[in-house]
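Open the structure in a viewer and keep the sequence panel visible. The tour moves from the whole chain to single residues.

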Amino acid sequence: AEWKEALFNIENVILQTLGFTLYWIPDSHPHKFILYFVRVLEIDDKKVAQKAWDYCNDSCRIDLCVRYEPEIMACAAILMACSSN
């Protein structure tokens, strides 16, 4: 365990030196919040929920999902889905 921790720390230093930005990957994803928020907001249009889901899928391809809390990502996806409808 001691070697594992030391190796992990050295690897982080090397990656940061090479210019990588390290983020903590959250345990939860914004997808689980979308349906709950849509239900609470009483949005009956299923297209809005689907579009928000699609926005969340797209956000996982870039670093947004590790830079912002999943609740914030879900809210932003719902806002963009409502704005585009």
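The stops below each say what to select and what is found there.

**The whole chain**

Start with everything shown as a cartoon. This is a predicted model. The chain has five helices and zero strands, and from the N terminus on its elements run α-α-α-α-α. The radius of gyration is 17 Å, well over the 12 Å that the globule rule gives for 85 residues, so the chain is more spread out than a compact globule. Turn the view along the principal axes: the C-alpha trace spans about 55 × 25 × 15 Å.

Now switch on the surface. The chain exposes about 6800 Å², and carbon and sulfur atoms supply 60% of that area. Buried residues make up 21% of the 85 residues. Among contacts between residues at least 6 apart in sequence, 70% join residues at least 24 apart.

**Helix α1 and a nonpolar patch**

Select Ile10, Ile14, Leu18 and Phe20 and colour them on the surface. Together they make a nonpolar surface patch of about 440 Å². Ile10 lies in helix α1, which covers residues 2-17.

**Helix α2 and its two faces**

Next, select residues 31-40, which form helix α2. Which of its residues are buried? They are His31, Phe33, Ile34, Phe37 and Val38. These residues cover an arc of only 140° around the axis, which puts them on the same side of α2. Show α3 (46-59) and α5 (70-84) as well, since the buried residues of α2 pack against these two helices.

Rotate to the face of α2 turned away from its buried side. The exposed residues Lys32 and Arg39 are carried there.

**From His31 across to α3**

Select His31, in helix α2, and show its side chain. His31 has a relative accessibility of 13% and counts as buried, because the cut-off for buried is under 20%. Leaving out residues up to four places away in sequence, His31 touches Trp53, Cys56, Asn57 and Cys60.

Move to Trp53, in helix α3. Is Trp53 buried, exposed or partly exposed? Trp53 is partly exposed, with a relative accessible area of 30%. Apart from its neighbours within four places in sequence, Trp53 is in contact with His31, Ile34 and Leu35. To check one of these pairs, draw a distance between the C-alpha atoms of Trp53 and Ile34: they are separated by 7.0 Å, while the two residues are 19 residues apart along the chain.

**The loop after α2**

Go back to the end of α2 and select Glu42. Glu42 sits in the loop between α2 and α3. What is the sign of its phi? The phi of Glu42 is positive, at about 55°, although Glu42 is not a glycine. For comparison, most residues other than glycine have a negative phi. Glu42 counts as exposed, at 65% relative accessibility.

**Ser59 in α3**

Select Ser59, which lies in helix α3. Its relative accessibility is 6%, and Ser59 counts as buried. Show the side chains of Leu64, Cys65 and Met73: Ser59 touches these three, not counting residues up to four places away in sequence.

**The salt bridge**

How many salt bridges does a search of the whole structure find? It finds one. Select Asp63 and Arg67, whose side chains meet in a salt bridge with an N to O distance of 3.5 Å. Side chains of opposite charge can pair when their charged atoms come close. Asp63 is partly exposed, with a relative accessible area of 32%. Arg67 also counts as partly exposed, at 41% relative accessibility.

**The loop before α5**

For the last stop, select Glu69, in the loop between α4 (64-67) and α5. Glu69 has 53% relative accessibility and counts as exposed. Add Pro30 to the selection and draw a line between the two C-alpha atoms. Glu69 and Pro30 are 39 residues apart in sequence, and their C-alpha atoms are 8.0 Å apart in space.

How values were computed. Residues are numbered from 1 along each chain as its sequence is written. This is a predicted model: local features need pLDDT of at least 70, side-chain atom pairs count only at pLDDT 80 or more; totals for chains, interfaces and linings use all residues. Side-chain values use heavy atoms; hydrogens and water are left out. Buried means under 20% relative accessible area, exposed over 50%, partly exposed in between (1.4 Å probe, protein chains only). Helices (H or I, at least four residues) and strands (E, at least two) are DSSP runs, numbered from the N terminus. The arc is that of the directions from the helix axis to the C-beta atoms. Contact means heavy atoms within 4.5 Å. Patches are made of residues with over 30% relative accessible area and no salt bridge: like charges are joined within 9 Å, nonpolar side chains (Val, Leu, Ile, Met, Phe, Trp, Tyr) within 5 Å. Accessible areas come from the Shrake-Rupley method with a 1.4 Å probe; for residues, only the protein chains shown count as cover. A salt bridge is a side-chain nitrogen of Lys or Arg within 4 Å of a carboxyl oxygen of Asp or Glu. The radius of gyration is taken over C-alpha atoms; the globule rule is 2.2 Å times the number of residues to the power 0.38.
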